Amino acid sequence: MKSYLIYIGCFIFIATVSSSCKKDFFNIPPQDALSTDNFYQNTEQVQASTTALYNSPWFDWNAKASWCISELLSGNAHTYSPDVINFGNFSVTGDNTQLLSAWNSLYSVVAQSNAVINNLKAKVPASVPATVVNNALGEARFMRAIAYFYLVRTWGNVPIIENSLDHVNNYQINTNPVTDIYKFIINDLKFAEENCNKMIRTGSVSQGRVSSGSAAALLAKVYLYMRDYPNARLKAEQVINSGEFKLYGIDVAGKTYGDLFKTANNNNEESVAAIQWLGGSAYGHGNALQSFLAYNSEITGTGDGYGSVVPSIDLLTAYEPGDLRRKPTVMMQGDIYPEINQDKGGYKLPVGAVAQGMPAFIKKYVVGTPTDNAGKGAAFSTANNTYLMRYADVLLIEAEAVLAGAERTSDATALLPFNKIRKRAGLIPKTTMSIQDIYQERRMEFVFEADYWFDLGRMDGFNVTSHPKAIAVIANQERGIYSNTTPVVIWGQKYTPTNASFLLPYPTTESTLNPKLLLPPVPYNFK
């Protein structure tokens, strides 16, 4: 069997066309008797060609792999589930199924993006306006870039592939160095910024696609990871000054932080980029997060709801008193949620609710029954979007870029965006701000959004092999559980990772089929 990252390339067109679904964002007419030779013949078909990139290729990354990597490794979450417990204690091996799911899913995004890019270049007639073609190419290159951004932060050196069909008969491919992967990402995002449509976000479902501003926002984040603070600041300020995006609860009146994660608010003004889920009976096209996060099936109404992962003690104790983000993010015993089980008057997490040894559960991305969501939903398939990036990130990037590697600042240019995030959270503004304050604020703002582990990975610098600051943070985290005794005490558990822990092993099935993954990287030949 061929390596997955190549093997899937042969099936991309089928996936692209078959996902021409019809609800909200996916309102595309069905196509019959299509091939790559007759599909890309008009504006509507070219616009439809990128639809799949927002959906099913992300399924396995989103459902489980993302939180195993980002939340269990980072100390935000806890589990005893035997298939993923190794992420929480830094004993993950290449045989882990979720490691393979992450690899396969992200390379599926790459392969499907490549198929769109290469087919558009080869098949579109001159009668289709160049702006339409270039916008679609920009969307595909944005999705390829963000997939590689996850890949490089998870594994470091990985293969850069621009056309899967080039490697059908030669699928043993060397990895490329981290610096080349970042260059490749930047090239894709610059193209997307120059060619994707410009928007002013109004909260319309029709605005689910990425824009020029989306690319600029992600460029700001990529530059921040590279510690290129001048360019990170330039791009962040460009996005802020454009007025395209708005912060719920500050720039958008009547909306709160918790409203960001309701199905009714998909593609809201704060959404920079998001996976667009259908919700319903088509497995693989809906958001499966709720199935693993929700405490029980009473919440979901669809038979799932396994409480497979819960908040960690370290996360629960990290909230400042009065932080308005806590309840929309974490369910505590006695918390009431009117938006869940609405036909029964709401849902109250009962006293005594416990799973994975913890009396608290994840609320973010838990949206309730199909009835709570305008009839949309099924087991492993809700219709609420998964964020790939929010405008709140741009504001915190601006603050950190102004800090520019210093330990502390009282610069108003940094404090203004930083305190906008704190104001929405109901917290007292700060008059000075440290780099530790930024990491803390990022943690509480983006917990369970696949972010904090990667923040820890960049804490000591860009493309480094030594992580003393991050190791010290993790070594001090409480990863144990509360006792079931009276009085309640903490049954403590702490772990100290090594420098090697910050990059994960390649999936064994992939390195077996492609042993070049284990060789030193080779420079990429940029075209």
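Buried here means under 20% relative accessible area. Keep that cut-off handy, and remember that you're working on a predicted model.

**Exercise 1.** Work out whether tyrosine 107 and tyrosine 148 are buried or exposed, then classify their ring pair.

*Solution.* Start with the accessibilities. Tyrosine 107 comes out at 1% relative accessibility, so it counts as buried. Tyrosine 148 has a relative accessible area of 0%, so it's buried too. Now the geometry. The ring centres of tyrosine 107 and tyrosine 148 lie 6.0 Å apart, and their planes make an angle of 90°. Planes over 60 degrees apart count as edge-to-face, so that's the label for this pair. Last, place the partners: tyrosine 107 belongs to helix 7 (residues 97-123) and tyrosine 148 to helix 8, so the contact ties together parts 41 residues apart in sequence. Both tyrosines also show up in one aromatic cluster, whose members include Trp103, Trp155 and Phe184.

**Exercise 2.** Do the same for tryptophan 61 and tyrosine 150.

*Solution.* The whole structure holds 26 aromatic pairs. In the one between tryptophan 61 and tyrosine 150, the ring centres are 4.9 Å apart and the planes sit at 45°, so the pair is tilted. Tryptophan 61 sits in helix 5 (residues 59-72) and tyrosine 150 in helix 8, so this pair links distant parts of the chain, 89 residues apart. As for burial, tryptophan 61 has 3% relative accessibility and counts as buried, and tyrosine 150, at 4%, is buried as well.

**Exercise 3.** Find which rings have the charged end of arginine 153 and lysine 327 over them.

*Solution.* Take arginine 153 to begin with: its charged end sits over the ring of phenylalanine 149, 3.7 Å from the centre. Lysine 327 lies over the face of tyrosine 337, with 5.3 Å to the ring centre.

**Exercise 4.** Describe the largest pocket: its volume, its lining and the classes of its residues.

*Solution.* The volume is about 510 Å³. Next, the lining has 28 residues, and Val152, Gly156, Val178, Asn463 and Leu503 lie nearest the centre. Helix 8 (130-155), helix 9 (178-195) and helix 19 (452-458) each give two or more residues to it, with helix 19 supplying the largest share, four residues. Sorted by class, you get 17 nonpolar, nine polar and two charged residues.

**Exercise 5.** Check the span of helix 18 and how many of its residues are buried.

*Solution.* Helix 18 (residues 435-446) has 12 residues and reaches 16 Å from first C-alpha to last, close to the expected 16 Å. Of those 12 residues, 10 are buried, so the helix is largely enclosed by the rest of the structure. Just past helix 18, phenylalanine 448 adopts a positive phi of about 65°.

How values were computed
Residues numbered from 1 in each chain as written. Predicted model: local features only at pLDDT ≥ 70, side-chain atom pairs only at ≥ 80, totals over all residues. Heavy atoms only, no water. Expected span 1.5 Å × (residues − 1). Buried < 20%, exposed > 50% of the residue type's maximum accessible area, 1.4 Å probe, protein only. 1 Å grid on protein atoms, 1.4 Å probe; cavity = no way out; pocket = protein on both sides within 12 Å on 5 of 7 lines; lining within 4 Å. Points joined across faces, edges and corners; volume = space filled by probe spheres on them. Nonpolar A, V, L, I, M, F, W, Y, C, P; charged D, E, K, R; others polar. Phe/Tyr/Trp six-rings, centres within 6.5 Å; stacked < 30°, edge-to-face > 60°. Lys NZ or Arg CZ within 6 Å of the ring centre and 35° of its normal.
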